[in-house]
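Q: I'm new to this structure and would like a close look at one helix crossing. Please start there and then work outward to whatever surrounds it.

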Amino acid sequence: MRTVVVVGGGLIGTSIGMALALRGAAVHVVDRDPVRQEAAAERCGGVAGAPREPADLAVLAVPPGQIARVLRDGQARRLAHCYTDVGSAKESVHRAAVAAGCRLDCFVGGHPMAGSEQSGPHAARAELFVGRPWVLTPDRHTSAAALAAALDLVQACGGRLVVMGRAEHDRAVALVSHAPHVIASALASAVGGAPQEVVELCGAGIRDTTRIAAGESGLWSDILGSNAGAVAAALEPLLAELTAAVTQLKQAAATPAGAPRRVLADLLNRGGEGRARIMTVQPDGATAGLPHPLASFA
């Protein structure tokens, strides 16, 4: 692709712009905040503001709740020939885009599974997506040109292509991303509310466990609201596990001295097994033995 317009000069949008610029694309950055627009464009070595002619691709790097409006407005302005997004919710975005009257043949839902608890253009890195899963959610209405442009984007940024249905994607990220963010925030809130002498005891474990709670609260409120049903469904079994743990701990506390100490052994064992499986995924996201991601797409 020759020209790309990135709408949204935050961490993800700027990182995409930087990666594409390294591969020779002319990058334009559009952001409603003129200061952030200039900063993101400078980081990309690109141009602040929309191109005069339609770009080959527009990447909508805005919160999920804003994507349909930005897509509609971009199509009305002929901002680009093809469009994709980077939002972490897909069903709600699709419904909103249909309701807004957007053309969906030239739009491919996308979600790079990479990020940071930091935000803004100054936290951006061109290598952010290298080896990381990048989900695309095309359907039978998707044009060949739009799919080709989205595939070029994934390849140019070094991402690993994953093709999923919208609902399948939303359930998956609810479990591996959205629910963990809620849990980390709840834990950080509880620990942060403790007396200072307790907080001063915090070590690497609690820091690692709560790292993602530092994410921008406004953005995450939008993300969680845009995938609310799937997040609630992902949290319910976790809540059941915690409730069972509380019950067992209360029973253990009431047990006479000398009673067996293997409280919560099943949960702890399953947790260890789950952690081991998580760690089999390579840092670059590589997975062997899977069919080609477009093998079933028609």
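A: Helices α3 and α4 cross in a right-handed way, meaning that the near helix is turned clockwise from the far one by less than a right angle; anticlockwise would be left-handed. A quick word on where this comes from: it's a predicted model, where local features need pLDDT of at least 70, side-chain atom pairs count only at pLDDT 80 or more, and totals for chains, interfaces and linings use all residues. Residues are numbered from 1 along each chain as its sequence is written, and side-chain values use heavy atoms, with hydrogens and water left out. The element names come from DSSP runs numbered from the N terminus: helices are H or I runs of at least four residues, and strands are E runs of at least two.

Back to the pair. Helix α3 covers residues 64–76 and helix α4 covers residues 91–99; they pack at about 30° with their axes 9 Å apart. Those axes are lines fitted to C-alpha atoms, for helices over the stretch in contact, and angles run from 0 to 180 degrees between N-to-C directions. The two helices are therefore roughly parallel, the label for angles under 35 degrees (over 145 is roughly antiparallel, 65 to 115 roughly perpendicular, and the rest oblique). On the α3 side, the contact is made by Pro64, Ile67, Ala68 and Leu71, while α4 brings Val93, Ala96 and Ala97. Contact here means heavy atoms within 4.5 Å. Sort those residues by class and you get seven nonpolar, no polar and no charged. (Ala, Val, Leu, Ile, Met, Phe, Trp, Tyr, Cys and Pro count as nonpolar, Asp, Glu, Lys and Arg as charged, and the others, Gly among them, as polar.)

Helix α3 also packs against helix α9 (residues 217–226), at about 85° and with the axes 7 Å apart. That makes α3 roughly perpendicular to α9. Pro64, Gly65 and Gln66 of α3 meet Asp222, Ile223 and Ser226 of α9. The mix in this contact is two nonpolar, three polar and one charged. Notice that Pro64 of α3 turns up in the contact with α4 and also in the one with α9.

Now for the sheets. Six strands make an open sheet with parallel pairing, in the order β3-β2-β1-β4-β5-β6. Its edge strands, each pairing on one side only, are β3 (47–48) and β6 (107–108). Two strands count as paired if DSSP finds at least two bridges between them; strand β1 (residues 3–7) and strand β2 (residues 26–30) have five, in the parallel sense. Within that pairing, valine 6 has valine 29 of β2 as its bridge partner. Helix α2 (residues 34–44) packs on this sheet, touching β2 and β3, and its direction makes about 165° with that of β2.

A second open sheet has three strands, in the order β7-β8-β9, with mixed pairing. Here β7 (110–112) and β9 (160–163) are the edge strands, and the twist averages 20° from one strand to the next. Strand β8 (residues 133–136) runs antiparallel to β7, joined by three bridges, but parallel to β9, joined by four. Leucine 136 of β8 stands opposite glycine 110, and its bridge partner in β9 is valine 163. Both faces of β8 are covered: Pro133 and Val135 on one side, Trp134 and Leu136 on the other, all buried. (Buried is under 20% relative accessible area, exposed is over 50%, and partly exposed lies in between, with a 1.4 Å probe and protein chains only.) Helix α5 (residues 144–156) lies across β8 and β9, at about 175° to β8.

For a contrast, look at arginine 207 in helix α8 (residues 204–210). At 57% relative accessibility, arginine 207 counts as exposed. Its C-alpha is 8.9 Å from that of alanine 188, which is 19 residues away in sequence.

Finally, zoom out. The chain has 11 helices and nine strands, and of its 298 residues, 39% count as buried. Its C-alpha atoms fill a box of roughly 80 × 45 × 35 Å along the principal axes. Among contacts in the chain with a separation of 6 or more, 73% come from residues 24 or more positions apart.
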